[in-house]
Amino acid sequence: YLARDAVKGMLEKNEKFRKLDEMTEKNGSVFVAITRLVPLFPFNVLNYGFGLTGVRFVDYVLWSFLCMLPGTVLYVVGTDAVTTALEEGRVPWLLIGVVVTVAALLTVLVARLRKKIKE
């Protein structure tokens, strides 16, 4: 955040950065939500990147918390389901149902957020 003005001054003439900066000022919460829901993006790099863009701090914190929560639940419950299956030799159908439901909800949410960005 503290480096934003310096970086903005250096990259102000870069068309891609300027467009990204405008998009994040307009739809910052959507960008944070998508990048937090899709675990392909390294969070450490995103933390610095969002500090350099026009995303409001409140939007960043709120949407990071809300959108990292489902992935955390998915990892914890999924790992518990696999561990239970291996240790007890039975399939924990309830846990598998939770994993599938959360994964489906994440897929639908990401699709809607992508659609919103295109608008």
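Mentor: Let's start with a word we'll need: a residue is buried when its relative accessible area is under 20%, exposed when that area is over 50%, and partly exposed in between. Keep in mind that we're looking at a predicted model.

Trainee: Okay. With that cut-off, what share of the protein chain counts as buried?

Mentor: Of its 119 residues, 31% count as buried. As for the surface, the protein chain exposes about 8600 Å², and carbon and sulfur atoms supply 67% of that.

Trainee: What secondary structure does the protein chain have?

Mentor: Five helices and zero strands. Read from the N terminus, the order is α-α-α-α-α.

Trainee: How do you know whether the protein chain is spread out or a compact globule?

Mentor: Set two values side by side. The radius of gyration is 18 Å, while the globule rule gives 14 Å for 119 residues; 18 Å is well over that, so the protein chain is more spread out than a compact globule. Along the principal axes, the C-alpha atoms fill a box of roughly 60 × 30 × 20 Å.

Trainee: And among contacts between residues at least 6 apart in sequence, what percentage joins residues at least 24 apart?

Mentor: That comes to 62%.

Trainee: Let's try single residues. Why is T24 called buried?

Mentor: T24 sits in helix α2. Its relative accessibility is 2%, and the cut-off for buried is under 20%, so T24 counts as buried. Leaving aside residues up to four places away in sequence, T24 touches F31, T53, G54 and V55.

Trainee: What makes D59 buried, then?

Mentor: Use the cut-off again: D59 has 19% relative accessibility, which is under 20%, so D59 counts as buried too. You'll find D59 in helix α4, which covers residues 57-88. Beyond residues up to four places away in sequence, D59 touches S29 and S64.

Trainee: Is P39 buried or exposed, and how do you know?

Mentor: P39 has a relative accessible area of 54%, and exposed means over 50%, so P39 is exposed. P39 lies in the loop between α2 and α3. In space, the C-alpha atoms of P39 and M68 are 9.1 Å apart, and in sequence these two are 29 residues apart.

Trainee: Why is K8 called partly exposed?

Mentor: The relative accessible area of K8 is 29%; that falls between 20% and 50%, so K8 is partly exposed. K8 belongs to helix α1. If you skip residues up to four places away in sequence, K8 touches F17 and D21. You can also look at K8 and R18: they are 10 residues apart along the chain, and their C-alpha atoms are separated by 8.4 Å.

Trainee: Now the helices themselves. At what angle do α1 and α2 pack?

Mentor: Helix α1 (residues 4-11) and helix α2 (residues 15-37) pack at about 135 degrees, and their axes are 10 Å apart.

Trainee: What makes α1 oblique to α2?

Mentor: Roughly perpendicular runs from 65 to 115 degrees, and roughly antiparallel needs over 145. An angle of about 135 degrees fits neither of those, nor the under 35 degrees of roughly parallel, so α1 is oblique to α2.

Trainee: Which residues make that contact?

Mentor: From α1 it's R4, K8 and L11; from α2 it's F17, D21 and E25.

Trainee: How do the residues of the contact of α1 with α2 divide into nonpolar, polar and charged?

Mentor: Two are nonpolar, none are polar and four are charged.

Key: Residues are numbered from 1 along each chain as its sequence is written. This is a predicted model: local features need pLDDT of at least 70, side-chain atom pairs count only at pLDDT 80 or more; totals for chains, interfaces and linings use all residues. Side-chain values use heavy atoms; hydrogens and water are left out. Axes are lines fitted to C-alpha atoms, for helices over the stretch in contact, and angles run from 0 to 180 degrees between N-to-C directions. Helices (H or I, at least four residues) and strands (E, at least two) are DSSP runs, numbered from the N terminus. Contact means heavy atoms within 4.5 Å. Ala, Val, Leu, Ile, Met, Phe, Trp, Tyr, Cys and Pro count as nonpolar, Asp, Glu, Lys and Arg as charged, and the others, Gly among them, as polar. The radius of gyration is taken over C-alpha atoms; the globule rule is 2.2 Å times the number of residues to the power 0.38. Buried means under 20% relative accessible area, exposed over 50%, partly exposed in between (1.4 Å probe, protein chains only). Accessible areas come from the Shrake-Rupley method with a 1.4 Å probe; for residues, only the protein chains shown count as cover.
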